[in-house]
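Reader: I would like a close look at one part of this protein, with attention to how charged side chains pair. Please take the answer slowly and keep it connected.

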Amino acid sequence: MYKNILLAIDGSENSRRAGYEAARLALDDTVNVTILHVMDPDDTQKDVVRSTTERHLNKQKKDTLSSIIRFFGEQTVDHEYVVRRGLPARKIIEEANTGKYDVLVIGSRGLNIFQEMVLGSVSHKVAKRATIPVMIVK
């Protein structure tokens, strides 16, 4: 069904579930999955001044990213890991719209309705602006 899947991950539990869903979609040997992680420059600047507890959370995020990538290797799914730096929604949309992908799989951040109205969400922005089908996984 799909030949090229773009998976956007951020290290959250919802991105882990999105990774499992992308792997399920990639059951055929001819499917390629591009795993995209966008490093937000604001977050990397904050990392420098974070407390020990927040550093621990950052380590958990890196562990989750590693486990998603390792999972694709264990499932023998053809994949590549790509890192971009910039605003996540913008970079994901740019990659989705300029690449040769059939579908974009992304995790939902899990904001409530009020938070999403005020803050917006990456998955919502991506779904509105991507020119390919978008699957949002909760």
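Which side chains meet in a salt bridge at 2.4 Å, N to O?

Author: In this predicted model, the side chains that meet at 2.4 Å, N to O, are those of Glu21 and Arg24, which form a salt bridge. In general terms, side chains of opposite charge can pair when their charged atoms come close. Glu21 and Arg24 are separated by about one helical turn, because they lie three residues apart in helix 1. Arg24 has a relative accessible area of 49%, so this residue counts as partly exposed.

Helix 1, which covers residues 13-25, holds a second pair with that spacing, since Glu13 and Arg16 are also three residues apart and thus about one helical turn from each other. The side chains of Glu13 and Arg16 meet in a salt bridge at 3.3 Å, N to O, and Glu13 is partly exposed, with a relative accessibility of 43%. This pair does not stand by itself, for Glu13, Arg16 and Arg17 are linked in a network of salt bridges. Arg16 also leads to another helix: Thr64, found in helix 3 (residues 52-74), is in contact with Gly11, Ser12 and Arg16 when its neighbours within four places in sequence are left aside. Thr64 counts as buried, because its relative accessibility is 10% and the cut-off for buried is under 20%.

A search of the whole structure finds five salt bridges, and one of them offers a useful comparison with the pairs in helix 1. The side chains of Glu95 and Arg84 meet in a salt bridge at 3.4 Å, N to O. This pair links distant parts of the chain, with Glu95 in helix 4 (residues 88-98) and Arg84 in strand 3 (residues 78-85), eleven residues apart. Its two members also fall into separate classes of accessibility: Glu95 is buried at 13%, whereas Arg84 is partly exposed at 34%.

As for the setting, the protein has six helices and five strands, which run β-α-β-α-α-β-α-β-α-α-β from the N terminus on. Among contacts between residues at least 6 apart in sequence, 81% join residues at least 24 apart, and buried residues make up 40% of the 138 residues. Elsewhere on the surface, Arg109, Lys125, Lys128 and Arg129 gather in a patch of positive charge. Of these, Arg129 has its place in helix 6 (residues 122-129) and is partly exposed, with a relative accessible area of 47%.

Note on methods:
Residues numbered from 1 in each chain as written. Predicted model: local features only at pLDDT ≥ 70, side-chain atom pairs only at ≥ 80, totals over all residues. Heavy atoms only, no water. Helix = DSSP H or I, 4+ residues; strand = E, 2+ residues; numbered from the N terminus. Buried < 20%, exposed > 50% of the residue type's maximum accessible area, 1.4 Å probe, protein only. Contact = heavy atoms within 4.5 Å. Patch = residues over 30% accessible without salt bridge, like charges linked within 9 Å, V, L, I, M, F, W, Y side chains within 5 Å. Areas by Shrake-Rupley, 256 points an atom, 1.4 Å probe, with all protein chains shown as cover. Salt bridge = Lys/Arg side-chain N within 4 Å of Asp/Glu carboxyl O. Lys, Arg positive; Asp, Glu negative; His and termini not counted. Charge placed at Lys NZ, Arg CZ, Asp CG, Glu CD.
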